[in-house]
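This report concerns the empty space and the nonpolar interior of one protein model. Please examine the sequence and the structure before reading on.

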Amino acid sequence: MKVVFTMAILFSLKGYSQNADAITGKWLKANKEDLIIEVFKEKGEYKGKVNWSKDSSKAVGFIMLEKLKYKQKDNEWEDGVIHDPNSGRTYDASVSMKPDGTIEVTGKMLFFKSKRIFRRVK
C-alpha cells in the first residue's frame with residue numbers, strides 16, 4: 001500500500017513541475033505566423049534567436065530573448081530580456097507554458113506590457 005501511495009504522490013507532483021528545458025525548440029508566433037524563434041539553453045540561461053521571419057528587419061540569428069532563468073516555484077522562465085530589433089529597445093521578459101502546449105512570451109517596460117503566443121513547430 002505504501003508503494004502505491006508513494007507512486008501516486010510522485011506522479012501527481014510531476015504534473016505540477018515543468019521540465020526547465022520544455023521551452024527549447026522552435027516556436028511560431030501564433031496570430032500572424034510571421035516569426036519563428038528558436039529557444040536554446042546556453043551557460044545556464046535560456047535564449048531565443050530569430051530562426052525565420054517574413055520581416056527582413058528581423059535578421060536570422062538575431063538574439064531576441066536572453067537571460068531567462070527557470071523558476072520552479074513559479075513554473076515560469078523569468079528575469080530575462082527581449083530586444084526589439086526595430087526600435088532598439090530592451091524589455092523585461094518572462095515566458096510561461098500554457099496547458100495547450102503553447103508558450104506566452106511577456107515583455108514589460110514600466111507600465112507597458114505586451115504578450116505574444118507561440119506554438120511549437122518542427
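The following paragraphs describe the largest pocket, one residue beside its centre, and the largest nonpolar core of this predicted model.

Rolling a probe the size of a water molecule over the atoms shows where empty space is left. In this model, the largest pocket has a volume of about 550 Å³. Its lining comprises 24 residues, and those closest to the centre are Lys29, Met64, Ile82, Ser114 and Arg116. Several strands give two or more residues to this lining, among them S2, S3 and S4. The largest share, four residues, comes from S8. By character, the lining of the largest pocket divides as follows.

| Class of lining residue | Number of residues |
|---|---|
| Nonpolar | 10 residues |
| Polar | six residues |
| Charged | eight residues |

Lys29 belongs to strand S1, which covers residues 25-29. Lys29 counts as buried because its relative accessibility is 13%, and the cut-off for buried is under 20%. The side chain of Lys29 makes a polar contact of 3.4 Å with the side chain of Asp34. Beyond its neighbours within four places in sequence, Lys29 is in contact with residues including Leu35, Arg116 and Phe118.

In soluble globular proteins, nonpolar side chains tend to be buried together. Here, the largest nonpolar core has 20 residues, and Ile37 and Trp77 have the most contacts inside it. Strands S2, S3, S4, S5, S6 and S7 each give two or more residues to this core, and S4 gives the most, with four residues. Leaving aside neighbours within four places in sequence, Ile37 is in contact with residues including Trp27, Met64, Leu65 and Phe118.

Definitions and conventions
Residues numbered from 1 in each chain as written. Predicted model: local features only at pLDDT ≥ 70, side-chain atom pairs only at ≥ 80, totals over all residues. Heavy atoms only, no water. 1 Å grid on protein atoms, 1.4 Å probe; cavity = no way out; pocket = protein on both sides within 12 Å on 5 of 7 lines; lining within 4 Å. Points joined across faces, edges and corners; volume = space filled by probe spheres on them. Nonpolar A, V, L, I, M, F, W, Y, C, P; charged D, E, K, R; others polar. Core = buried A, V, L, I, M, F, W, Y, C linked by side-chain atoms within 4.5 Å. Buried < 20%, exposed > 50% of the residue type's maximum accessible area, 1.4 Å probe, protein only. Contact = heavy atoms within 4.5 Å. Polar contact = N/O pair within 3.5 Å; in protein donor to acceptor, adjacent residues only side chain to side chain.
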